[in-house]
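The following exercises are to be worked with the sequence and the coordinates at hand. Each task is followed by a solution in steps.

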Amino acid sequence: MSSNRSSFTGKIGFVLAAAGSAVGLGNIWRFPYLAAKYGGGIFLLVYIALSLTFGFSLMVAEIAIGRKTQLSPMGAFRALDKRFAFVGVLGAIVPSIILPYYSVIGGWVMKYAYGFITGDAFNMAQDSYFGGFIGQTWEPLVWFALFIGITAIIVLFGVEKGIEKVSKVMMPVLVVLILFIAIFTLCTVDGALDGLIYYIKPDFSKFSIMTVVAAMGQLFYSMSLAMGIMITFGSYMKKDISIEKSTKQIEIFDTGIAFLAGLMIIPAVYAFSGGDPEALGKGPSLMFGALPKIFANMPAGTVIGVVFFVMVFLAALTSSISLMETVVSTIQDKFGIGRKASCFIVLGISIAFGVPSSLGYSAWGGVKILGLQILDFFDFASNNILMPIVAFLTCIFVGYILKPKAITDEVELEGNRLKHKKTFNIMIKYVAPLCILIILISSVLDVFGIVKI
Ligand code: PHE
């Protein structure tokens, strides 16, 4: 499995492919709703601080583990220390939980792209539209099936190499569009500037440990960390490419797009609702409610809406491909079965978890797990429980078993220097594991209602 690994076409190829995985619904759909919900500016501040410290160190570590071992996550942990092989397995469970509900949201995006294409823009801007759509039993399921089906076909035929090419076109268009929409909203919508202040000015009275819990979960999710994806990418990376520089570029892409997406959505929601906390805390439906309203007020709004939702669809697709690819290759490795069989198994798992996630908004609306809607439960279980566990174990593994030197040596191959070596060592050995542990305990206590934080 380690022999003849293909590699990326070069430095930019690696960055684009990794950014293709990182930039997706996490940035455009999830980040804005969390930022709106957890107090705007304070969430943004915590998120950026975590991204520069935790995010950076973990990403460097994961890419380096992959490149050093040239193996898939499971193989990599096993090769370095048998006792840690289970971390690779745990890491593979995360994307199998995310992929199904990710595809449900991917389906919603497709529905909106289709709606704009077929001239339904006016209806989509109505308040009740989104609720009416996800409240139906069948239609969201059909869109979900389409989204996961397209992902599976691409993975099955192994044409993921196309990701590099898709990302090359998609990223710049997406950035320009989001920026344009944000500026348009700020300049034309009454009250949007107050929303801007809400989004960027930290209000420390809104800080709670849940801000950090949410920001950290979002960081792992958005940067595709703590699930072996970056290990896989690292295993395809050539030795002469700088891991540190690539990590920085991926972070800039990822955090930049998330920031801009917040800029596009939060001031608008704030303005439309007059700063109503309930509207800001709306959760998963935030983007779908706000954007069609912005487009409705915009010259050529329908065309912009079409291009926008198609781009978001592509961003979601490059991410879902990387999610599925990881699970497929892990199952292949672990059970020694072929690619096709493995692909069908993953498709089966995705349908089994995806259907309830979708029905949680309609027929199964009354079902709550630990007080959460089904989709929110999967989201919480992967981002706030499993990912911190994997990240914690990765830190312990790198800090105390493998030793940070093995990672920094790998980073410094072929004359590259790791500028932030000290920060890296301290982060991986002490700060990151301790913080993750505190955060993990708080989110468990919170969800089981033991302590309300
Ligand atoms: N990082 C992706 C996003 O922000 C989601 C994702 C998570 C993709 C995990 C792959 C792995 O949308």
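In which helix is the place of Trp-29? Trp-29 belongs to helix H2, which spans residues 25–37. The model used throughout is a predicted one.

**Exercise 1. Describe the surroundings of Trp-29.**

Step 1. Establish the burial class. The relative accessible area of Trp-29 is 1%. Buried means under 20%, so Trp-29 is classed as buried.

Step 2. List the contacts, leaving out residues up to four places away in sequence. Trp-29 touches Tyr-101, Ile-105, Tyr-221, Pro-284, Met-287 and Phe-288.

Step 3. Look for a polar contact. The Trp-29 side chain comes to 2.8 Å from the backbone oxygen of Pro-284.

Step 4. Compare sequence and space. Trp-29 and Gly-281 are separated by 252 residues in sequence, and their C-alpha atoms by 13 Å in space.

**Exercise 2. Characterise the packing of helix H15 against H16.**

Step 1. Select the descriptors. A pair of packed helices is described by the angle between the axes and by the distance between them.

Step 2. Read the values. For H15 (residues 286–296) and H16 the angle is about 145°, and the axes are 9 Å apart.

Step 3. Identify the residues that make the contact. H15 contributes Met-287, Leu-291 and Phe-295, while H16 contributes Gly-301, Ile-304, Gly-305, Phe-308, Phe-309 and Val-312.

Step 4. Classify these residues. In the contact of H15 with H16, seven are nonpolar, two are polar and no residue is charged.

**Exercise 3. Examine Glu-325 and Val-328 on helix H16.**

Step 1. Locate Glu-325. Helix H16, residues 301–335, contains Glu-325. Is Glu-325 buried or exposed? Its relative accessibility is 17%, and therefore Glu-325 counts as buried.

Step 2. Find the polar partner of Glu-325. The side chains of Glu-325 and Arg-339 are joined by a polar contact of 2.9 Å.

Step 3. Turn to Val-328, also found in helix H16. Val-328 has 0% relative accessibility and so counts as buried.

Step 4. Collect the contacts of Val-328. With neighbours within four places in sequence set aside, Val-328 is in contact with Val-155, Arg-339, Ser-342, Cys-343 and Val-346. Arg-339 thus appears in this list and in the polar contact with Glu-325.

Step 5. Add a distance. From C-alpha to C-alpha, Val-328 and Phe-344 are 8.9 Å apart in space, with their positions 16 residues apart in sequence.

**Exercise 4. Analyse the environment of the ligand.**

Step 1. How many residues surround the ligand? There are 15, and the closest are Ala-22, Gly-26, Tyr-102, Tyr-221 and Met-227.

Step 2. Examine the nitrogen atoms of the ligand. A backbone N or O atom of Ser-21 is 3.3 Å from a ligand nitrogen. For Ser-222, a backbone N or O atom lies 3.0 Å from a nitrogen atom of the ligand.

Step 3. Examine an oxygen atom. A polar backbone atom of Leu-25 is 3.0 Å from an oxygen atom of the ligand.

Step 4. Evaluate the cover. On its own the ligand has 320 Å² of accessible area, and the protein covers 100% of that area.

**Exercise 5. Assess the positive phi values of Ala-226 and Lys-403.**

Step 1. State the expectation. Most residues other than glycine have a negative phi.

Step 2. Treat Ala-226. Its phi is positive, about 55°. Ala-226 sits in the loop between helix H11 (209–222) and helix H12 (229–235). With a relative accessible area of 0%, Ala-226 is buried.

Step 3. Treat Lys-403. Its phi is near 80°. Lys-403 occupies the loop between helix H18 (374–402) and helix H19 (404–411). Lys-403 is partly exposed because its relative accessible area is 42%.

**Exercise 6. Describe the contacts of Ser-51 and Val-411.**

Step 1. Place Ser-51. Ser-51 lies in helix H3, residues 41–69, and is buried at 3% relative accessibility.

Step 2. Find its partners. Beyond four places in sequence, Ser-51 is in contact with Phe-56, Leu-219, Glu-251 and Thr-255. The side chain of Glu-251 forms a polar contact of 3.3 Å with that of Ser-51.

Step 3. Place Val-411. Val-411 is part of helix H19 and counts as buried at 1% relative accessibility.

Step 4. Find the partners of Val-411. Among the residues touched by Val-411 are Val-60, Ala-64, Arg-67, Ile-243 and Glu-244. Val-60 and Val-411 are 351 residues apart along the chain, with their C-alpha atoms separated by 8.0 Å.

Definitions and conventions
Residues numbered from 1 in each chain as written. Predicted model: local features only at pLDDT ≥ 70, side-chain atom pairs only at ≥ 80, totals over all residues. Heavy atoms only, no water. Helix = DSSP H or I, 4+ residues; strand = E, 2+ residues; numbered from the N terminus. Buried < 20%, exposed > 50% of the residue type's maximum accessible area, 1.4 Å probe, protein only. Polar contact = N/O pair within 3.5 Å; in protein donor to acceptor, adjacent residues only side chain to side chain. Axes fitted to C-alpha atoms, helices over the stretch in contact; angles between N-to-C directions. Contact = heavy atoms within 4.5 Å. Nonpolar A, V, L, I, M, F, W, Y, C, P; charged D, E, K, R; others polar. Near = heavy atom within 4 Å. Areas by Shrake-Rupley, 256 points an atom, 1.4 Å probe, with all protein chains shown as cover.
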